[in-house]
Amino acid sequence: MLRPVLRFAPSPNGLLHLGHAYSALFTSVWAEALGGRFLIRIEDTDLTRSKPEFTEAIFADLAWLGLSWEEPVLRQSTRFPLYAAAADRLKARDLLYPCFCSRTELAASSTGTDPDGAPLYPGTCRHLSAAEVKQRFAEGRVANWRLKTDEAMALTGLLTYSVAGPTPADRPQIRYARPERWGDVVLQRKGTPTSYHLSVVIDDDAQGVTHVTRGRDMEPSTDIHVLLQMLLGLSSPLYTFHKLILDAEGKKLSKSKGSTSLRSLREAGRTAEEIRRELGF
């Protein structure tokens, strides 16, 4: 019988904070309880924001917390051809289309929001003719490639996935996926052959991930992941969604907001044992 496989997959675009520590510890505890393997994956597809020094800081912080993981560590920046090939398979089925809209144009034309609160794409470029698309590429325009979500769902039919928690001993429950609430999501970003949604499902399958542990804020993204797994013939893991670590204002910790980093806590004299205890481990 194959051992369960779990992963913690940070992006090296800043220093880890207590929210990352909780997620990494949560995943490690689950892996140990299941007798499984604990992997680290570096999700560095954003070549502009990802920095080698942040990758090294991730390893240092996790080791300080007392975590160990299998080597080698998978780095998504080395796997762009695989993501492009998967997108090409979807293009061959006429399930992707190029979108030339800017953020400003999207914000001005949107009539709703997706589960993340971002403007919902109204499908503007989906109606461009083949000649118009060819002309825009000839002019040197770059495009995001979006999924025709409704057509994809027509192919897959009703989608479900299994959710466990809050402990590994709990019986999983079946949940229905609702990809339509995301609209036509971006699967390839301008200048990059992938997006988070595309790369995460490909790598989870490639690494044999059996259990995906993620914060509750990521729960809606599972809609798209389950859809892509079905379209691309990939495995679908068991999911569990853990609590979020909040700041004094009750908001989720974030790198972009400058939430206190693990490095700064360590430099201030805090011990790993104190942090683990504070987080409930």
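**Entry 1: cysteines**

I began with Cys125, which at 4% relative accessibility counts as buried. The model I am reading is a predicted one. I searched the structure for disulfides and found zero. Cys125 takes part in none, and the nearest cysteine sulfur, that of Cys101, lies 3.6 Å away. I noted the cut-off here: a disulfide requires two cysteine sulfur atoms within 2.5 Å, so the pair Cys125 and Cys101 at 3.6 Å does not qualify.

I then turned to Cys99, for which Cys101 again supplies the nearest cysteine sulfur, here at 4.1 Å. Cys99 is likewise in no disulfide. I recorded Cys99 as buried, because its relative accessible area is 0%.

**Entry 2: salt bridges between distant parts of the chain**

I ran a search of the whole structure for salt bridges, and it returned 17. I looked up several of them individually.

One of these joins the side chains of Asp204 and Arg7, with an N to O distance of 3.0 Å. I placed Asp204 in helix α7 (residues 196–206) and Arg7 in strand β1 (residues 5–8); the two are 197 residues apart and the pair links distant parts of the chain. I checked the accessibility of each partner. Asp204 is buried, with a relative accessible area of 4%, and Arg7 is also buried, at 6% relative accessibility.

I next examined Arg266 and Asp61, whose closest N and O atoms are 2.8 Å apart in a salt bridge. This pair, too, links distant parts of the chain: Arg266 belongs to helix α9 (residues 262–267) and Asp61 to helix α2 (residues 52–64), with their positions 205 residues apart. Their accessibilities fall into two classes. Arg266 is partly exposed, at 26% relative accessible area, whereas Asp61 is buried, at 1%.

**Entry 3: a salt bridge within one helix, and a network**

I looked up Lys91 and Asp88, whose side chains meet in a salt bridge at 4.0 Å, N to O. Why are Lys91 and Asp88 separated by about one helical turn? I traced this to their positions: they are three residues apart in helix α3 (residues 80–92), and therefore about one helical turn separates them. Lys91 counts as partly exposed at 27% relative accessibility, and Asp88 is partly exposed at 45%.

I also followed salt bridges that share partners and found that they join Arg7, Arg41, Glu43 and Asp204 into one network. The Asp204 and Arg7 bridge of the previous entry thus has both its residues in this network.

**Entry 4: positive patch**

I inspected the surface for charge and noted a patch of positive charge in which Arg103, Arg141, Arg189 and Lys190 gather. I located Arg103 in helix α4 (residues 103–109). Is Arg103 buried or exposed? I entered Arg103 as exposed, because its relative accessibility is 78%.

**Entry 5: Ala164**

I closed with Ala164, which I placed in the loop between β6 (160–163) and β7 (173–176). Although it sits in a loop, Ala164 counts as buried, at 8% relative accessibility. I then asked how many Å separate Ala164 and Asn144 in space. From C-alpha to C-alpha the separation is 34 Å, for a pair 20 residues apart in sequence.

How values were computed:
Residues are numbered from 1 along each chain as its sequence is written. This is a predicted model: local features need pLDDT of at least 70, side-chain atom pairs count only at pLDDT 80 or more; totals for chains, interfaces and linings use all residues. Side-chain values use heavy atoms; hydrogens and water are left out. Patches are made of residues with over 30% relative accessible area and no salt bridge: like charges are joined within 9 Å, nonpolar side chains (Val, Leu, Ile, Met, Phe, Trp, Tyr) within 5 Å. Accessible areas come from the Shrake-Rupley method with a 1.4 Å probe; for residues, only the protein chains shown count as cover. Lys and Arg count as positive and Asp and Glu as negative; His and the chain ends are not counted. The place of a charge is taken as NZ of Lys, CZ of Arg, CG of Asp or CD of Glu. Helices (H or I, at least four residues) and strands (E, at least two) are DSSP runs, numbered from the N terminus. Buried means under 20% relative accessible area, exposed over 50%, partly exposed in between (1.4 Å probe, protein chains only).
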